[in-house]
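Here is a set of short questions and answers. Each one sets a value against its definition.

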Amino acid sequence: MTGSAVRLALEGVGHAFGTLKVLDGVDLVAEPGEVMVLIGPSGCGKSTLLSIFGGMLAPQAGRVRMDGAVAPDCLNALTYVFQDFALLPWRSVAGNVSLVLEDSALSAAERARRVEEVLALTGLSDFAGAWPKQLSGGMRQRVGIARALAVRPAVLLMDEPLSALDAQTRGLLLDEFAEMIARAGVTTVYVTHNLAEAVRLGQQVVVLSRRPGRVREIVRIDRPLAGRHIEDADLLAIEQHLWALIRDDAALADRERVDG
Amino acid sequence: MAEVPFRGGGFAPRDIPAASVGTLVGLVLLWQAGASLHWISTKFLPAPWDIARALYALAASGELWVHLSASLQRLAIGWAVGTVAGLVVGLVVGLFTLARSPGMAVVSALFPIPKIALVPLFIIWFGIGEGSKVITLAFGVFFPTVINTVAGVDGVPRNLIRMGQSFGLGWWSIVRKIVLPGALPAILSGFRITTSTAIILLVAAEMIGAEKGIGAFVLAAGNLYDTDNLLAGIVLLSTIGLVLSWVIGRMEKLLLSWR
């Protein structure tokens, strides 16, 4: 799917919103084609970190580096998939996907071909003309994924893409995500609260501490994505280990005021 | 064991188009009956039938079209000028930090001024001709359009704009494909207010300094105690309002079918 091979690194990243320090001295590296999952208690700066990764927020300390080869057909190297889908309600499914290609130099025919291709890949071909309001949450997120894949990204930045969905849809989409990410071979940074998602998708699971977020531990999972199931004993053991790491912080974060 | 009472009713009003038409027709019939039965003095409030006859006579003599076309022309030009200017200023104020505070300060200071009070001033500035009338209308339409456009731009979900930025869309693309369509519902709802405002100001401007136009016609009829023609003029104004409201409704259905 992608010819890009991009390494993404954060070097000494720190950030504060006013007097509220949310990140402190974060160093991370996502190797080409690797899936990095960020987990941690509420308010630890996971989403802030993702915004910094993609250049949507300038860090107050440190820097973000992107090295490697970006394929010539890549139209947007750092591409987000949003928790709330961020679909334009006044555009059809195909229109939402096509939106991100319209500023490119692609011909109308090539644009249409790409839209058709990603809609087929995400199982949305029959819904090309539907309005977002006519779709279920799961289908809307598929549109979000189709839109992201349409630009042939070098890096996918996914901000809790399944958290707005019901448990059944989440389970189904999780397996599809794993398959799509594995097939695309694209460097991915995935933020989640859900530890099952983390162990299902992550090759590198980064555990962040309570605010200000610092890297507490990095857990590596060397199994390929294709053969993983969330019920696998080794993955369940890792999940328990992750929970043990964040449980106390999560309990403290839950009782913390955020108006400081 | 008592049956659990239903408590979830109400708070869900629906539109019943037949009820709208029925109410209007019913009121006119009641009015006509009151006049025919001499419960209402037709000297002060002519019967609907008399108004209809006055309208027919005006149409047959050609006088109706002279006044109507003069008014519609002023309405169209004044509303269009005010709307275009209001949209441009509203977008600039809504999109740029540098324009926001100064723009809103000026709008907030000038918006509450009754525009009818400015008609004599506009006549002094632009003369008794068409210029002062068009400017009066445009001025009245401009401020609500600015306010609704700014509110519309402010109401566009930030996540959609961030999505556009994250996909590398250009500034103009984001404005054209995200901000404008997102602000459209507020802009169109503003059109309902500005068309009514424009009709009020049209009549005021025509009453102060015009020979032709529905406002001038109504004023002349009033001076002659010609209540049939006076009411005929008012019916015309009401009809213009209804037609414009219908047109805006159609525009909303067409442009906001995604809602």
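Q: Why is B:Phe139 called partly exposed?
A: In this predicted model, B:Phe139 has a relative accessible area of 23%. Buried means under 20%, exposed over 50%, and partly exposed in between (1.4 Å probe, protein chains only). So 23% makes B:Phe139 partly exposed.

Q: What makes B:Phe122 buried?
A: Its relative accessible area is 4%. That is under 20%, so B:Phe122 counts as buried.

Q: Why are B:Phe122 and B:Phe139 called an edge-to-face pair?
A: Rings of Phe, Tyr and Trp (its six-membered ring) pair if their centres lie within 6.5 Å; planes under 30 degrees apart are stacked, over 60 edge-to-face, the rest tilted. Here the centres are 5.5 Å apart and the planes make 75°. Both values meet the rule, so the pair is edge-to-face.

Q: What does this pair tie together?
A: B:Phe122 lies in helix α5 (residues 119-126) of chain B, and B:Phe139 in helix α6 (residues 130-154) of chain B, so the pair links parts 17 residues apart in sequence. Helices here are DSSP runs (H or I, at least four residues), as are strands (E, at least two), numbered from the N terminus.

Q: Which aromatic cluster holds B:Phe122 and B:Phe139?
A: One cluster is formed by B:Phe122, B:Trp125, B:Phe126, B:Phe139, B:Phe142 and B:Phe143.

Q: How many aromatic pairs does the structure hold?
A: There are 11 over all chains. One of them joins A:Trp90 and B:Trp258, at 5.4 Å centre to centre and 65° between the planes. The angle is over 60, so this pair is edge-to-face too. This pair crosses between chains. A:Trp90 and B:Trp258 are both buried.

Q: What makes B:Lys177 and A:Glu102 a salt bridge?
A: The rule asks for a side-chain nitrogen of Lys or Arg within 4 Å of a carboxyl oxygen of Asp or Glu. The N to O distance is 3.0 Å, so the pair qualifies. Across the interface of chain A and chain B, the rule finds 2 salt bridges.

Q: How many residues of chain A are in contact with chain B?
A: 23 residues of chain A are in contact (heavy atoms within 4.5 Å) with 18 residues of chain B.

Q: How are residues and chains labelled, and which residues count?
A: Residues are numbered from 1 along each chain as its sequence is written, while chains are lettered from A and ligands numbered from 1 in the order written. Local features need pLDDT of at least 70 and side-chain atom pairs 80 or more, while totals for chains, interfaces and linings use all residues; side-chain values use heavy atoms, without hydrogens and water.
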